[in-house]
Structures are given as structure tokens and as C-alpha cells.
Amino acid sequence: MTDVDVANRGTTAAQPSYWYGDAPSDRRQRHQTVLEALRVYRAAEVAMRRRTRDSMSMGENELLVLRYLLRDPSREVRPGELTRYLGLSTASTTALLDRLERSGHIVRVANPGDRRSIFIRSTPRADAEVRQTLGNMHERMLAAVIDMTPEESAVVVAFLRRMSDAVDGVAVEGGSGEHGAIEDAAVESS
């Protein structure tokens, strides 16, 4: 049984939903079905990220740094930029970069214009490992959307942007991040 099967077990469009209520209207039922499908996708994605971290023996932040660096390998990225991107302290970023450097995934390169600063670059090994680990998944994802019409693509993109705005608009009460952990635990246990 896959992680998606586990996440989807026992949930059908006709059943009332813990998260989305059980109003009988057709409109609410359609919305519930869409949100349940999104929840199942998110659970599958969380499980895929966990498997990727395990197979690469890395944490989430290490993978985020590699993804950030590999988006544009020619770009000059300073450690402070990664600190802001990850929302970590300078010390935590330094420790993370030390681990990635020891594992051969990044190099620190002197800034030729300012000898007091450095740039962080991914290595060819990091690129090859990420491509090997994630290449099959990206091909499968592309195959899932390649036949969409321009209109279908526009609807999906608009939906995902609205959902991103809705999620980004949720304030974390108390600033502890507790609600995000609860949400992630709920998704992983579904």
C-alpha cells in the first residue's frame, strides 16, 4: 500500500469530512472533493520529500539549499541570502553549509570583488545526485500534466495560486509555529 493509498483510505466524496464539514449542497460537495484531493496530493508530496531526504541522507533544509543553488548554478549566492531564505540563524546556516561542504554538495568560493566575503555554489556531484534522485519523479509529474489543454492549465494554475494565497494568509498565533507542526502531523497521519 502506498502513502497515497493510506492517505486516501476511508475517504470518499460522499462521506462527511472532518476538515470541511458535511453540508449537503452540491456546491459544498464539489469543493470538499477538490480540497480532499489536494490534501491527498499534499500527503503524497510530504511522503515523497521524506523518502528523498532519507535516500540522500539529508534534512529538509539541506535539500532546500541545494534546490535554491541548482535553480541557477551560475548565480553568486552569499550565505546571508541562504540565511534569509531558510529563516535560520547565522550559526545554524553555517553549520548546515559545513555539513553540505563535508558531504561534497557545495563549495565555498572567495568573492573576487571582496576578499572578506564568499559565495556558495553547488557541486557537479550535487547536481548529479539531485537529478538521479528526483529525475524519475519529475518525469512522472510532467507526464501527468503534459496533455493538459491551455485552458485546463490556466484553471489549475489559477487554483493553485489562490490556494497558495489562502495558505500564506493564515497567521500563526503566538509565533511558535505550532499550528504548522499540527497541520503537518495531521497530513502525515491521514
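**A walk through the predicted model, starting at H105**

H105 is buried, with 3% relative accessible area. This is a predicted model, and H105 is a convenient place to enter it. H105 lies in the loop that connects α5 (90–102) to β1 (106–110). What does the side chain of H105 make polar contacts with? One partner is the side chain of S103, at 2.5 Å. Another is the side chain of E129, at 2.8 Å. Once neighbours within four places in sequence are set aside, H105 is in contact with M58, L66, L100, R121, S122, T123, R125, A126 and E129. H105 counts as buried because its relative accessible area of 3% falls under the 20% limit for that class.

The overall layout comes next. The protein has eight helices and two strands. Read from the N terminus, the order of the elements is α-α-α-α-α-β-β-α-α-α. The protein has 190 residues, of which 24% count as buried. Among contacts with a separation of 6 or more, 44% are between residues 24 or more positions apart.

Two of the contacts of H105, L66 and L100, lead into the nonpolar interior. In soluble globular proteins, nonpolar side chains tend to be buried together. The largest nonpolar core here has 22 residues, and V65, L66, L82, L97, L100 and I106 have the most contacts inside it. Helices α2, α3, α4 (79–86), α5 and α6 each supply at least two of the core residues. Which element gives the most to this core? That is α3, with seven residues. L82 shows what such a core residue touches: leaving out residues up to four places away in sequence, its contacts are V65, Y68, V77, T93, L97 and I120.

L63 is found in helix α3. Is L63 buried or exposed? With a relative accessible area of 16%, L63 is buried, because that value is under the 20% limit. Apart from residues up to four places away in sequence, L63 touches T52, R53, M56 and M58. The C-alpha atoms of L63 and L100 are 9.7 Å apart, with the two positions 37 residues apart along the chain.

S57 offers a contrast in exposure. S57 is located in the loop between α2 and α3 and counts as exposed, at 67% relative accessibility. Its backbone is also worth a look. Most residues other than glycine have a negative phi, and most peptide bonds are trans. The phi of S57, however, is near 55 degrees, a positive value in a residue other than glycine.

Helix α6 holds D127. At 28% relative accessibility, D127 is partly exposed. D127 and R67 are 60 residues apart along the chain, while their C-alpha atoms are separated by 9.3 Å.

The remaining topic is empty space. Rolling a probe the size of a water molecule over the atoms shows where empty space is left. The structure holds one cavity of 30 Å³ or more, and the volume of the largest cavity is about 30 Å³. Its lining is made up of L69, D72, P73, R75, V77, I120, R121 and S122. Strand β2 (residues 118–122) gives the most to that lining, with three residues. Sorted by class, the cavity lining has four nonpolar, one polar and three charged residues. Several of these names have come up before: V77 and I120 touch L82, while R121 and S122 are in contact with H105.

The second largest pocket has a volume of about 1300 Å³. Of the 37 residues lining this pocket, E45, M48, M137, H138 and M141 are the closest to its centre. Two or more lining residues come from each of α1 (3–8), α2 (26–56), α3 (60–71), α6 (124–145) and α7 (150–168). Which element gives the most to the lining of this pocket? Helix α6 does, with 13 residues. By class, the lining of the second largest pocket has 21 nonpolar, seven polar and nine charged residues.

Helix α6 therefore appears in several parts of this account: α6 supplies at least two residues of the nonpolar core, gives the most to the lining of the second largest pocket, and contains D127, which counts as partly exposed.

Technical notes:
Residues numbered from 1 in each chain as written. Predicted model: local features only at pLDDT ≥ 70, side-chain atom pairs only at ≥ 80, totals over all residues. Heavy atoms only, no water. 1 Å grid on protein atoms, 1.4 Å probe; cavity = no way out; pocket = protein on both sides within 12 Å on 5 of 7 lines; lining within 4 Å. Points joined across faces, edges and corners; volume = space filled by probe spheres on them. Helix = DSSP H or I, 4+ residues; strand = E, 2+ residues; numbered from the N terminus. Nonpolar A, V, L, I, M, F, W, Y, C, P; charged D, E, K, R; others polar. Buried < 20%, exposed > 50% of the residue type's maximum accessible area, 1.4 Å probe, protein only. Polar contact = N/O pair within 3.5 Å; in protein donor to acceptor, adjacent residues only side chain to side chain. Contact = heavy atoms within 4.5 Å. Core = buried A, V, L, I, M, F, W, Y, C linked by side-chain atoms within 4.5 Å.
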